[in-house]
Each structure stands twice: as C-alpha cells, then as structure tokens.
Amino acid sequence: MTRGTPIPETMTLHVPFRIVKRGGRKEMQMPDRVRPERTPDNTLVKALARAFRWKRMLDSGEFATIAELAEREGIAAPYLTRTMRLSHLSPDLVESILEGRQPRHLTLEVLRQPLPEDWTEQKRALGAPATPQDLR
C-alpha cells in the first residue's frame, strides 16, 4: 500500500467451520488443515474421575457392592457400572482424553459401551492411533 491508496473501511474474512455437539455442548469444528489448540472435554474428564474414584472406593472395601455404592451416590447401579468401564481404558486413551487429543467421535456414550479388555484392541475398536508399544 502506498500513501495514496485508501484503507478500506471494512474487511470480510470467510472462515469455514461447522458447529457440532460434543459431550453435551456445542463446539466449533474447523477444517482439517486448521488445527486449533484442543481443550479437554469436561464431560469425559469428569466421567474418568468418577470412574477411578468409584473403583478405588470398591477396591478399598469402603463399599462391598456396586449396588451399595450406587445407593450412596444417589444414582442407578447400571449407570455406575457403565461409567466404571472408563477405569479399564488404556493409559494412552486416558492420557489423550485428559489432554483433549482423543478422536473427535469419542464421546461418553461411546466409552460407556462394552469394550475389549486388551488395550490394543480397545484402540482399534475406538479408532485411536496405535502407539509404538502396540506394534511390538
């Protein structure tokens, strides 16, 4: 620009994005070539924390049965059981969830479904990338 070129009053910038529901809230989804900083999904993080807390309470003997724990927490036993499945996720998946790097399709409802116990099979079933340890 030179001194003689007028500065435009307005500028229009087009940014392609979609609004998607994720974990019970709306999120802006950018095109693949644009990678904004990811933030952890609070719904998944809270569910992980609850799952590990409930597992610890049962393992320590504080509660003898899932039904007893569910009654104390004021929730249905089947809900508690399905949520506790998160305590059996592979450490890599737990880490990716806590860092907000999990695959976009990975929601709480997906994780509350029965999953393989084998961590490599879990990643395969959930579409998560394999790690070098999995390839041994």
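**Close-up views of a predicted model**

**Figure 1. Arg56 on helix 1.** Arg56 is exposed, because its relative accessible area is 55%, over the 50% that the term requires. This residue of the predicted model has its place in helix 1. Ser87 lies 31 residues from Arg56 along the chain, and the C-alpha atoms of the two residues are separated by 9.8 Å.

**Figure 2. Overview of the elements.** The protein contains six helices and two strands. Read from the N terminus, the order of these elements is β-β-α-α-α-α-α-α. The chain has 136 residues, of which 30% are buried. About 9700 Å² of the protein is exposed, and carbon and sulfur atoms account for 55% of that area. When contacts between residues at least 6 apart in sequence are considered, 53% of them join residues at least 24 apart.

**Figure 3. The hairpin of strand 1 and strand 2.** Strand 1 comprises residues 18–22 and pairs with strand 2 in the antiparallel sense, over five bridges. Two residues separate the strands of this hairpin, and Gly23, which lies in the turn, has a positive phi of about 60°. Two pairs of residues may be followed across the strands. Lys21 has Lys26 of strand 2 as its bridge partner, while Val20 stands opposite Glu27, also in strand 2.

**Figure 4. A nonpolar patch at the surface.** Four residues, Val15, Phe17, Ile19 and Met28, make a nonpolar surface patch of about 390 Å². Met28 belongs to strand 2, which spans residues 25–29. Is Met28 buried, partly exposed or exposed? Met28 counts as partly exposed because its relative accessibility is 47%, a value between the limits of 20% for buried and 50% for exposed.

**Figure 5. The largest nonpolar core.** This core has 13 residues, and the members that touch the most others are Leu48, Leu86, Leu89, Ile97, Leu111 and Leu126. At least two core residues are supplied by each of helix 1 (42–59), helix 4 (91–99) and helix 5 (108–111). Helix 1 gives the largest share, with four residues. A second core, separate from this one, has eight residues, including Met57, Leu58, Phe63 and Met84.

**Figure 6. The surroundings of Leu89.** Leu89 is one of the residues that touch the most other members of the largest nonpolar core. Which residues are in contact with Leu89, leaving aside its neighbours within four places in sequence? The contacts of Leu89 are Leu48, Val94, Ile97, Leu111, Leu115, Trp119, Gln122 and Leu126. Among them, Leu48, Ile97, Leu111 and Leu126 are also listed with Leu89 as core members that touch the most others.

**Figure 7. Gln102 in a loop.** Gln102 is located in the loop that lies between helix 4 and helix 5. The residue counts as buried because its relative accessibility is 1%, under the limit of 20%. With neighbours within four places in sequence left aside, Gln102 is in contact with Arg22, Arg38, Asp41, Leu44, Ser96 and Ile97. Of these contacts, Ile97 also belongs to the largest nonpolar core.

Conventions: Residues numbered from 1 in each chain as written. Predicted model: local features only at pLDDT ≥ 70, side-chain atom pairs only at ≥ 80, totals over all residues. Heavy atoms only, no water. Patch = residues over 30% accessible without salt bridge, like charges linked within 9 Å, V, L, I, M, F, W, Y side chains within 5 Å. Areas by Shrake-Rupley, 256 points an atom, 1.4 Å probe, with all protein chains shown as cover. Salt bridge = Lys/Arg side-chain N within 4 Å of Asp/Glu carboxyl O. Buried < 20%, exposed > 50% of the residue type's maximum accessible area, 1.4 Å probe, protein only. Pairing = 2+ DSSP bridges. Core = buried A, V, L, I, M, F, W, Y, C linked by side-chain atoms within 4.5 Å. Contact = heavy atoms within 4.5 Å.
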